[in-house]
Amino acid sequence: MAVEATHHVAESTTHAAEAIPELPNLITLLSHRWHDIPWVAWLHQWENIVFSAGVALALCILTWRYSRRPATIPSGWQNFLELVVEGVDQFVGRVIGKEGRYFTPFIGTLFLYIWLMNLSVLVPFLKSSTSNLNTTAALAILVFSYVQWIGMRRLGLLGYLDHLAGQPRDLVGWLLVPLMLPIHLLGEFIKPLSLSLRLCFNVFAEDVLLAVMVGLGIGISVGMHLPSWAPVPLQLFVIPLVLIFSTVQALVFSLLSSVYIALMLPHAEHH
Amino acid sequence: MLELDLQQVVSQAISFIVLLWLLRRFAWRPLLTILDERRRHIETTLQDVASKKTELEQLQAAYAQRLAKIDDEARVKIQQAVLEGKRIAIEVQEEARAQAQVILAKSKETVELELAKAKVTLRDQVADMTVEAVERVLQQKLDAKTDRALVERALDELERGRVRA
């Protein structure tokens with residue numbers, strides 16, 4: 001009986017997952033058409049990696065093209081790149097302080113990578129890799145590892161442990177260590193979890209919203225007996241929202257990563 | 001969507017690390033360097049402009065001061081020239097006056113001399129005429145030398161008498 005119930009729940013969950021609308025991308029289209037070809041199946045399995053690698057490649061080409069021999073008086077894309085670079089540098093500097101410059105490449109790369117991945121859903125036949133937990137979890141784990149590494153390097157092993165124990169300096173502090181240590185440890189592990197889940201669910205919700213609007217447009221066009229090649233473009237109303245939320249989510253991820261780094265640095269007084 | 005696949009997580013992590021390495025080396029460093037250089041360049045240029053402006057203002061003040069000094073000097077020189085001119089004019093006047101005095105004195109002398117000469121000539125002529133007249137009157141011919149002595153004596157007496165008068 002219990003097995004049957006479990007099976008039923010699993011089946012309904014699968015149906016529910018299948019019912020979530022998603023815009024088709026190049027790889028899913030290929031997969032629908034040639035699902036029995038092994039490399040298409042492989043692509044389908046690794047589609048998040050493929051799309052994120054595509055974004056990384058585009059980012060590399062763009063930055064390499066315009067930062068290879070940067071002109072003293074910038075123009076065109078170099079202007080835009082410098083605007084982003086300077087913006088990120090000032091942003092990180094404001095959060096972390098004068099040591100911010102050292103962390104600018106890390107935070108800046110995170111921001112650009114996540115931002116472009118978020119926005120790639122707006123390009124037809126592409127997909128936001130950040131709507132997949134594997135991508136956001138990987139980034140969050142990297143941030144977590146980097147923050148711990150920075151803590152151990154800057155504070156030393158004892159300083160790092162002291163930080164985790166809540167920096168006890170008196171009897172009360174030492175008595176609270178058994179309480180503070182698990183809380184701090186838990187907090188450190190919750191950080192990547194919240195980072196990854198927040199980004200993944202927000203971007204996923206945007207993608208679903210976009211897909212729903214596209215589907216609704218097609219439904220209306222069918223209902224009004226319009227030709228199938230002329231659906232009502234309802235997604236146009238959502239695109240500005242997607243643009244804003246994609247940027248905000250990338251900023252939030254970068255800001256929180258900067259804050260985690262700042263909290264781990266020796267000068268940070270967060271108690 | 002919520003299924004975690006370790007392989008995919010690791011692949012994504014490696015993908016990001018590679019991207020970070022590439023961007024750090026080929027994008028962030030050159031762009032941040034050029035931004036810093038440009039900021040320094042702008043700061044230096046602005047400082048240069050400010051110092052040049054100060055320098056220019058100082059030069060302007062110095063020129064204005066110098067111009068004022070030149071004006072003063074010119075005024076003093078003009079005044080000196082006017083005074084000098086007046087002094088020269090006075091000198092010239094005095095010199096001219098002295099020369100005039102000299103000329104006047106010389107003229108006086110000349111006139112007096114000429115007068116004396118004329119007097120002498122007149123006396124001679126008067127003496128001659130008197131002698132001639134006396135000769136005619138007396139119908140008597142005296143020798144010329146004696147006549148003359150007599151006349152001259154008579155004239156001298158006459159002259160002395162006039163002077164006394």
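**Exercise 1. Find which residue Arg39(B) forms a salt bridge with, and say how the two sit in their helix.**

Step 1. Look for the partner: Arg39(B) makes a salt bridge with Asp36(B), and their closest N and O atoms are 3.1 Å apart. A salt bridge here is a side-chain nitrogen of Lys or Arg within 4 Å of a carboxyl oxygen of Asp or Glu.

Step 2. Check the helix. Arg39(B) and Asp36(B) are 3 residues apart in helix α1 (residues 6–138) of chain B, so about one helical turn separates them. Helices are DSSP runs (H or I, at least four residues), numbered from the N terminus.

Step 3. Ask about the surface: Arg39(B) counts as partly exposed at 32% relative accessibility. The scale goes like this: buried is under 20% relative accessible area, exposed is over 50%, and partly exposed is in between (1.4 Å probe, protein chains only).

A quick word on the ground rules: this is a predicted model, where local features need pLDDT of at least 70 and side-chain atom pairs count only at pLDDT 80 or more, while totals for chains, interfaces and linings use all residues. Residues are numbered from 1 along each chain as its sequence is written, chains are lettered from A and ligands numbered from 1 in the order in which they are written, and side-chain values use heavy atoms, with hydrogens and water left out.

**Exercise 2. Work out what the salt bridge between Asp72(B) and Arg75(B) looks like.**

Step 1. Take the distance: the side chains of Asp72(B) and Arg75(B) meet at 3.2 Å, N to O.

Step 2. Place them. Both are in helix α1 of chain B, 3 residues apart, or about one turn of the helix.

Step 3. Add the exposure: Asp72(B) is partly exposed at 42%, and Arg75(B) is partly exposed at 47%.

Step 4. Now look for shared partners. Salt bridges that share partners join Glu86(A), Asp89(A), Arg101(A), Asp36(B) and Arg39(B) into one network.

**Exercise 3. Describe the contact between chain B and chain A, starting with how many residues each gives.**

Step 1. Count residues: chain B gives 30 and chain A gives 44. Contact means heavy atoms within 4.5 Å.

Step 2. Take the area. About 3500 Å² is buried between the chains, and carbon and sulfur atoms give 71% of that. Buried area is the accessible area (1.4 Å probe) that two parts lose on being put together, summed over both.

Step 3. Count the charged pairs: there are 3 salt bridges between chain B and chain A. One pair is Asp36(B) with Arg101(A), whose closest N and O atoms are 2.7 Å apart.

Step 4. Sort the residues on the side of chain B that touches chain A: 19 are nonpolar, 5 polar and 6 charged. For this sorting, Ala, Val, Leu, Ile, Met, Phe, Trp, Tyr, Cys and Pro count as nonpolar, Asp, Glu, Lys and Arg as charged, and the others, Gly among them, as polar.

**Exercise 4. Decide whether Gln12(B) is buried or exposed, and name what is in contact with it.**

Step 1. Gln12(B) is found in helix α1 of chain B, and at 2% relative accessibility Gln12(B) counts as buried.

Step 2. Leaving aside neighbours within four places in sequence, Gln12(B) is in contact with Asn48(A), Ile49(A), Ser52(A), Tyr113(A), Asn134(A), Thr135(A) and Ala138(A).

**Exercise 5. Do the same for Ser258(A): where does it lie, and what does it touch?**

Step 1. Ser258(A) lies in helix α9 (residues 239–264) of chain A, and Ser258(A) is buried at 0% relative accessible area.

Step 2. Not counting residues up to four places away in sequence, Ser258(A) touches Phe91(A), Val92(A), Val95(A), Ile96(A) and Ile107(A).

Step 3. Compare sequence with space: Ser258(A) and Ile96(A) are 162 residues apart in sequence and 6.6 Å apart, C-alpha to C-alpha.

**Exercise 6. Check the pLDDT of chain A and of chain B.**

Step 1. Chain A averages a pLDDT of 84, with 91% of the residues scoring at least 70. pLDDT is the predictor's confidence in each residue, from 0 to 100.

Step 2. Spot the weak stretch: over residues 1–17 of chain A the pLDDT is below 50, and this stretch has 0 contacts in the model beyond near neighbours in sequence. Where pLDDT is low, the predicted coordinates should not be read in detail.

Step 3. Chain B averages 86, with 93% of the residues scoring at least 70. The model scores ipTM 0.82 and pTM 0.71.

Technical notes. Helix = DSSP H or I, 4+ residues; strand = E, 2+ residues; numbered from the N terminus.
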